[in-house]
Structure formats: structure tokens, C-alpha cells
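Student: Could you take me through one part of this protein slowly? I would like a close look at a single residue and its surroundings.

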Amino acid sequence: MDDTMGPISATIHCMFNPFRFRGRATRSEFWWFTLFYVVLSFAASIWMMLPFLGMVAEIGVRGAGGDLSTMLETEFIAPRMDGFNAKLWWASLALLWPMFAHLSVMVRRLHDTDRSGWWFWVSVIPIVGYIILLILMVIDSDRGRNSFGPPPKGKAPQVVKRGLPEEPEDPLHAVSGSEALRALRQSRMQV
């Protein structure tokens, strides 16, 4: 798997996995899908508001020569409200699947930083909660395996050699990351 996901691969991956809350998601996967979700929500909002935009334009045209109170009566507004209610229902239905996909990629992104998905609820705190959640979405991933699985980037932890070159290599200092340390402990227990 690549270090980063492109916009199309991130959108397809998230849309086909809306209820997959296990595992980890990269920053690029989260942010590309978030961009797609925001654009889709904005387009649905504009589509829903079209009856009102037509009504405002008609009031502007009629307002110059007519009485505004007669224009705002129910026979003028009611047909447009029916159109709005129908569009609201269809837009809500159309955004339901992407909403679950966005929630799941957000939980997987929190897992990538070795935090529980329940951290999502910090956003309930006004203003400060959104800032905290934004920071959690922006910070870098754990490099190695964490409590939620292997890294989604597909990179193995790097082996770091410490000490002077003439010193014999101590196996405990030659590994980095919890996965490599676990493997070393397992190999010592089998001997």
C-alpha cells in the first residue's frame, strides 16, 4: 500500500467500507474522503435550496410593483415547501451512506494515532472539542504496529543501531517499535 492515497482511491475505499470501524486509516485517506464528503454535502444543500432561490427571485421581480404581504401568503409559499420537503428527504437519504463512511474513516484515523474511536465524542464540547478532534486528525500516525493493528502505510518499523561501531551489538538496542521488541522476546522465550 502506498504512503498516501489519492482522492479517487480514498473515496472508493471509504464508500465501499462504510461500516468498517476496525483497523487504521492514513491521513491522506481521511482528508481526501473528508473533502469529497464536504463537496457532496455542499452540492446537496444547494440542490435543496433551489426552490427558495426561485422564490426569492420571484419576490424580487414582483416586489417592485406588488404588495409583499400578499406574496408571502400560503398559495405562494406552499408549493415551494413541498418541493423543499421532497428534496430534503432525498438529500438526507443520499447523504446517509457517505455519513457512515465518514464516521468510520474518522474512527479508523483515530485508531491510527493509537486512540479509541470514542475520542470522536470530544467534538460534543463546543469549540474546544472540534479543535482537539482536528489536532487528532492532523497528527502523524504511529510508525509501527499499535493496539489497533499494523500500519496502513505498509511500512515495517526501521531497525536502528545504537552504540559505537566497535561495541558488540546488543539485540535490545537494535530494534525499534513494539512489534520488533515483541518478536525479540518471543525468540528468546523459545530458546
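Tutor: Happy to! One definition will help us: a polar contact is a pair of N or O atoms within 3.5 Å, and within protein one of them must be able to donate a hydrogen and the other to accept it. Keep in mind as well that this is a predicted model.

Let's look at Thr113, which sits in the loop between α4 (74-112) and α5 (128-138). Its side chain reaches the backbone oxygen of Leu110 at 2.8 Å. Leaving aside residues up to four places away in sequence, Thr113 touches Leu136, Ile139, Asp140 and Asp142. Is Thr113 buried or exposed? Thr113 counts as buried because its relative accessibility is 5%, and the cut-off for buried is under 20%.

For a contrast, turn to Phe42 in helix α2. Phe42 has a relative accessible area of 59%, so this residue is exposed. Phe42 also helps to make a nonpolar surface patch of about 1100 Å², together with others including Trp47, Trp89 and Met99. The elements that give two or more residues to this patch are α2 (27-63) and α4. The largest share, six residues, comes from α2.

Now let's step back to the whole protein. There are six helices and zero strands, and 30% of the 191 residues count as buried. Among contacts between residues at least 6 apart in sequence, 66% join residues at least 24 apart. The protein exposes about 12600 Å², with carbon and sulfur atoms supplying 69% of that area.

Methods. Residues are numbered from 1 along each chain as its sequence is written. This is a predicted model: local features need pLDDT of at least 70, side-chain atom pairs count only at pLDDT 80 or more; totals for chains, interfaces and linings use all residues. Side-chain values use heavy atoms; hydrogens and water are left out. Helices (H or I, at least four residues) and strands (E, at least two) are DSSP runs, numbered from the N terminus. Buried means under 20% relative accessible area, exposed over 50%, partly exposed in between (1.4 Å probe, protein chains only). Contact means heavy atoms within 4.5 Å. Patches are made of residues with over 30% relative accessible area and no salt bridge: like charges are joined within 9 Å, nonpolar side chains (Val, Leu, Ile, Met, Phe, Trp, Tyr) within 5 Å. Accessible areas come from the Shrake-Rupley method with a 1.4 Å probe; for residues, only the protein chains shown count as cover. A salt bridge is a side-chain nitrogen of Lys or Arg within 4 Å of a carboxyl oxygen of Asp or Glu.
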